[in-house]
Amino acid sequence: MTMSIRRGAAALAAVALLGLPLVAHADNKHVAEAVEHAKGAVSHGKQGHADAVAQHAEEALKHAQAAGVKNPHLDEGIKHLQEAVTHGKAGHADVATQHAEAAVTHLSEVK
């Protein structure tokens with residue numbers, strides 16, 4: 001009986017340890033998507049397309065918020081994405097682009 005309890009505990013520990021990287025990977029997928037959309041916002045902003053900056057920044061923001069990790073760089077990235085959306089919708093492509101660039105910088109640091 002003691003042997004089967006040990007095996008059960010060992011199996012449970014293995015499942016728990018193997019499950020943790022899968023959760024982290026899922027979170028990182030959202031961060032990676034946020035970075036890609038933020039880069040798209042920057043690209044459009046450099047072309048003067050304020051509306052496209054807002055659209056890409058909004059999509060990046062959704063992914064960043066869905067990442068669900070505690071990280072100060074994620075928090076800062078979210079703040080800059082919110083500003084990029086606000087300025088993009090106001091037609092300020094240059095300021096929106098600066099915020100999108102800052103978001104890329106911060107989101108790229110999320111581990």
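A nonpolar core is a set of buried Ala, Val, Leu, Ile, Met, Phe, Trp, Tyr and Cys residues joined through side-chain atoms within 4.5 Å. Keep that in mind as we walk through this structure, which is a predicted model.

Let's begin with the overall layout. The protein has four helices and zero strands, so if you read along the sequence you simply get α-α-α-α. Of its 111 residues, 34% are buried. Now take the contacts in the protein with a separation of 6 or more: 66% of them come from residues 24 or more positions apart. As for the outside, the accessible surface comes to about 6800 Å², and carbon and sulfur atoms account for 60% of that.

Now for the inside. The largest nonpolar core holds 23 residues, and the ones that touch the most other members are A64, L74, L81 and L107. Which elements give two or more residues to this core? They are α1 (2–46), α2 (50–66), α3 (72–89) and α4 (93–108). The top contributor is α1, with six residues. To get a feel for the packing, pick out A64: leaving aside residues up to four places away in sequence, A64 touches A34, L74, I78, L81 and L107.

Helix α3 deserves a stop of its own. At 1.5 Å a residue, its 18 residues should span 26 Å, and the C-alpha atoms at its ends are indeed 26 Å apart, so the two values agree. At the N-terminal end, N71 acts as a cap for α3, with a side-chain oxygen 2.7 Å from the backbone nitrogen of H73. Past the other end, α3 is followed by G91, and the phi of G91 is positive, near 85°. Along the helix itself, the buried residues are L74, G77, I78, H80, L81, A84, V85, H87 and G88. Two of these, L74 and L81, are already familiar from the list of core residues that touch the most other members.

Next, the charged pairs. Side chains of opposite charge can pair when their charged atoms come close. How many salt bridges does the structure hold? There are four, and we can visit some of them.

Start with K46 and E101, whose side chains meet in a salt bridge at 3.8 Å, N to O. Here the cut-off helps: a salt bridge needs the nitrogen within 4 Å of a carboxyl oxygen, so 3.8 Å qualifies. K46 sits in helix α1 and E101 in helix α4, 55 residues apart, and the pair links distant parts of the chain. How covered are the two partners? K46 is exposed, at 61% relative accessible area, because anything over 50% counts that way. E101, at 32%, is partly exposed.

Another bridge joins E58 and K89, with 2.8 Å between N and O. Since E58 lies in helix α2 and K89 in helix α3, this pair ties together parts that are 31 residues apart in sequence. E58 is partly exposed, with a relative accessible area of 30%, whereas K89 is exposed at 59%.

The last one on our tour stays inside a single helix. K79 and E76 meet through their side chains at 3.3 Å, N to O. Both lie in helix α3, three residues apart, which is about one turn of the helix. K79 is partly exposed at 47% relative accessibility, and E76, at 29%, is partly exposed too.

Definitions and conventions: Residues numbered from 1 in each chain as written. Predicted model: local features only at pLDDT ≥ 70, side-chain atom pairs only at ≥ 80, totals over all residues. Heavy atoms only, no water. Buried < 20%, exposed > 50% of the residue type's maximum accessible area, 1.4 Å probe, protein only. Contact = heavy atoms within 4.5 Å. Expected span 1.5 Å × (residues − 1). Polar contact = N/O pair within 3.5 Å; in protein donor to acceptor, adjacent residues only side chain to side chain. Areas by Shrake-Rupley, 256 points an atom, 1.4 Å probe, with all protein chains shown as cover.
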